[in-house]
Amino acid sequence: MSAGSLLIHPADPAASPPSLTALAGLLDELGLIGEPLPAQPAAYRVGPGFLRHVTFLGCSPHLVLDPPEDGGDAFSHVAVLGPYASPHLIVGHNTQAPRCRTCRAPFADWRAEALAWMSHPDSAVATCPACEARQAPVALDWRETAAVGRVFVDVRNVFPGEGVPGDELLDRLKRLTGGPWRYAWVHRRG
Ligand SMILES: [Zn+2]
């Protein structure tokens, strides 16, 4: 089972995404990514700048940077998800109830609607249980336990809260797309 992902994405979920070529080119220039991994599309071994651009908190004793010989995926690697034609919502079992942008109330029962929300994250209607404001799921405040957007840099095998993107990486992504980027940790069931 994977430890989870650090997902880095444009702060505006509707923002026009960069092309895969432009984004992968930047990640390669920064040394975040290295050689492509053969088994999956747009997935890469970590590059020489990986530990400069992703800061691991604590001692991270399990950090494995090379693919294990048994072929498993329990090692740090980076994938690009998207770009997609419309925003995606990525949640995991660590995801906490999102909050209403109007009154800050949590959507305590959100998991009952999660499948519908993930199918249509920018057109489904999430009605606030407290103030009844109607919002699209992508517009809710997911804080740092779910990711929304049209493109994601997926740093895999990161436990929630364990690793964060560095300032230079976030700044270069911002310059690439003309808007700020943010991040979340999502621990999907393995
Ligand atoms: Zn509300």
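## The β2–β3 hairpin and its neighbour

Strands β2 and β3 form a hairpin in which six residues lie between the two strands. Within the turn, A42 has a positive phi of about 50°. The structure described here is a predicted model.

The pairing of β2 (residues 33-36) with β3 (residues 43-46) is antiparallel and runs over two bridges. One contact involves P36, whose bridge partner in β3 is Y44. Strand β3 is also joined to β5 (residues 77-81), by three bridges and again in the antiparallel sense. Here R45 has H77 of β5 as its bridge partner.

## A salt bridge from strand β3

R45 also takes part in a salt bridge with D66, and the closest N and O atoms of this pair are 2.5 Å apart. D66 belongs to the loop between β4 (54-56) and β5, whereas R45 is in strand β3, so the salt bridge ties together parts of the chain that are 21 residues apart in sequence.

Both residues are classed as partly exposed: D66 has a relative accessible area of 47%, and R45 has one of 31%.

## Helix α1

What distinguishes the two sides of α1 in terms of burial? In this helix, which spans residues 20-30, the residues L23, A24, L26, L27 and L30 are buried. They lie on the same side of α1 because they cover an arc of only 155° around the axis. An α-helix has 3.6 residues a turn, so residues three or four places apart point the same way. On the other side of α1, T21 and E29 are exposed.

The helix is followed by G31, which has a positive phi, near 80°.

## The link between α1 and α4

To which residue is the side chain of E29 joined in a salt bridge? The partner is R172, with an N to O distance of 2.8 Å. This pair links distant parts of the chain, since R172 is in helix α4 (residues 167-177) and E29 in helix α1, 143 residues apart.

The two partners fall into separate accessibility classes. R172 has a relative accessible area of 19% and is therefore buried, the limit for this class being under 20%. E29 has a relative accessible area of 55% and is therefore exposed, as the class requires a value over 50%.

## Further salt bridges

The structure holds seven salt bridges. Among them is the pair formed by the side chains of R156 and D154, at 3.0 Å from N to O. D154 counts as buried because its relative accessibility is 0%. D154 and R156 belong, together with R188, to a network of salt bridges. Side chains of opposite charge can pair when their charged atoms come close.

## The zinc site

Which residues coordinate the zinc ion? The SG atoms of C100, C103, C128 and C131 do so, at 2.3 to 2.4 Å. The arrangement is tetrahedral because the four donor atoms subtend angles of 104 to 113° around the ion. Along the sequence, the spacing of the donor residues is C-x2-C-x24-C-x2-C.

Accessibility values are available for two of these cysteines, C100 and C103. C100 is buried, with a relative accessible area of 0%, whereas C103 is partly exposed at 33%.

Key. Residues are numbered from 1 along each chain as its sequence is written. This is a predicted model: local features need pLDDT of at least 70, side-chain atom pairs count only at pLDDT 80 or more; totals for chains, interfaces and linings use all residues. Side-chain values use heavy atoms; hydrogens and water are left out. Buried means under 20% relative accessible area, exposed over 50%, partly exposed in between (1.4 Å probe, protein chains only). Helices (H or I, at least four residues) and strands (E, at least two) are DSSP runs, numbered from the N terminus. The arc is that of the directions from the helix axis to the C-beta atoms. Donors are N, O and S atoms within 2.8 Å of the metal (3.2 Å for Na, K and Ca); water is not among the atoms, so sites may look incomplete. Four donors count as tetrahedral if all angles lie between 85 and 135 degrees; four count as square planar and six as octahedral if opposite donors are over 155 degrees apart and all others between 65 and 115; anything else is irregular. Two strands pair if DSSP finds at least two bridges between them. A salt bridge is a side-chain nitrogen of Lys or Arg within 4 Å of a carboxyl oxygen of Asp or Glu.
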